[in-house]
Amino acid sequence: MLRSLSVPRAAVRSAFKQSSSLPKVVAPSAIARLSKRSYATEAEERDLVIIGGGVAGYVAAIKAGQEGLKVTCIEKRGTLGGTCLNVGCIPSKALLNNSHLYHQILHDTKNRGIEVGDVKLNLEQLMKSKDTAVAGLTKGVEFLFKKNNVEYIKGTGSFVNEHEIKVNLSEGGERSVVGKNIIIATGSEATPFPGLEVDEKRIVTSTGALALEKVPESMVVIGGGIIGLEMGSVWSRLGAKVTVVEYLGQIGGPGMDSEISKSAQKILKKQGIDFKLNTKVLGGDVSGDKIKLEVEAAKGGKNETLEAEVVLVAIGRRPYTAGLGLENIGLETDERGRLVIDSEYRTKIPHIRVVGDCTFGPMLAHKAEEEAVAVVEYIKKGYGHVNYGAIPSVMYTHPEVAWVGQNEQELKAAGVKYKIGTFPFSANSRAKTNLDTEGMVKMIVDAETDRILGIHIIGPGAGEMIAEGTLAIEYGASSEDIGRTSHAHPTLSEAFKEAAMNCYSSAIHF
């Protein structure tokens, strides 16, 4: 009988649960009336409902649309693309690229035979250029939604029950959607620093650092990971005196190879960024014209006070699941706030799956994209795949730093026997002609099989070159496979080939 009704079965079950006084036999018309009273508007059943329109969510939506599923994507920001597109990867790269051009014109044109007159920074126009790039890309995602028949709802979604999502619409009012399958892709947020209240003006996260209205005279960055170093580089190039305070003994985070990290720190220091490693921030005073931060050695020692006009809190990110109504369906998070899933991205409720920053793994946009495609394939076809051993990381400073696979300190700790091949960009013909020779390619291979275990690059074009390394690890290549593959001359990628040759034989040009 229930199948003949237009009311979704999940909605009917919800209606029965909400009324303990229902008779055992209910007329269809009564069920319909109960259903309508349960929702602000009558719910529509979809093959897939996605909560979150960031990189993980929108890619899953497009892929599902391509597979012929009826898809609804709920996003509260008002624009698609999530943190990455709106206030992360994309706008930061716009500022990194343009601030590098500005810095290069100021300091690196004379030797190139280019004489430049009065150079001025127009920060307002710099920000407009960033915003233009963001706006164009967000509209592009909306176009792809329409192209692939994805329904886009602007609002905040929360679970009513295991199949029903209530949406508080951005334009006002409510709506309910019922999903046979549901994907949670709500992403992450900046981790706050205890005792420092973020106002995005003086105490800022990466979001505020992307929108400062003037170049600060001084900036302290709490956290020497990728986000802190990228944003610190932007404002250092534009004229701020930047100091990076890092609790650990190296910059770039634990994933960066220690040798590469030391090289990066040396180069960035030469560019004007100061570093205080193994240093703990105890607290801050914002009452004066300048913010005063009290710091000490991480293992204990004499206190020191740092002053800055702006403080950037960049100690990492945490999963964002607030307001989802997880308690209504019995889903819990682990000690780090991550939603627990199995190998097919399922929660303990099998039709509810999770991808991206709000669950396990590195908080990287491209990792989220891979998971988004895989989870839709699991839903549609019953199988999917992501190789977490071949997820590259890139730091878009200058020079860039990129890596994939295992680093040397991880292999040492695991007792793996390995060999290393390196090649400096100072010996690469294209780098020399470009007058951009800092850095190297470092390749780590298994000592017995020659299989590539990790690739680490610091230098020009590292973020593009790492794609070849990722492909090599994905397909189990050896260093000899790379060394015997022809690379165009003159290109930066020849340094990649020569590092591989240095693993199993000898580099030619060094």
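**Helix 3 and a five-stranded antiparallel sheet**

At 1.5 Å a residue, the twelve residues of helix 3 (residues 55-66) should span 16 Å, and the end C-alpha atoms of this helix are indeed 16 Å apart, which agrees; the expected span is taken as 1.5 Å times one less than the number of residues. The model is a predicted one, in which local features need pLDDT of at least 70 and side-chain atom pairs count only at pLDDT 80 or more, whereas totals for chains, interfaces and linings use all residues. Residues are numbered from 1 along each chain as its sequence is written, and side-chain values use heavy atoms, with hydrogens and water left out. Helices (H or I, at least four residues) and strands (E, at least two) are DSSP runs, numbered from the N terminus.

Eleven of the twelve residues of helix 3 are buried, so this helix is largely enclosed by the rest of the structure; buried denotes under 20% relative accessible area (1.4 Å probe, protein chains only). Among the buried residues are Tyr58, Ile62 and Lys63. Just after helix 3, Gly68 adopts a positive phi of about 90°.

Five strands, paired where DSSP finds at least two bridges between them, form an open antiparallel sheet in the order 17-18-21-20-19. Strand 17 (393-395) and strand 19 (418-424) are the edge strands, each pairing on one side only. Strand 18 (residues 400-405) and strand 21 (residues 452-459) run antiparallel and are joined by six bridges, with Val401 standing opposite Ile458 in strand 21.

Conventions: Buried < 20%, exposed > 50% of the residue type's maximum accessible area, 1.4 Å probe, protein only.
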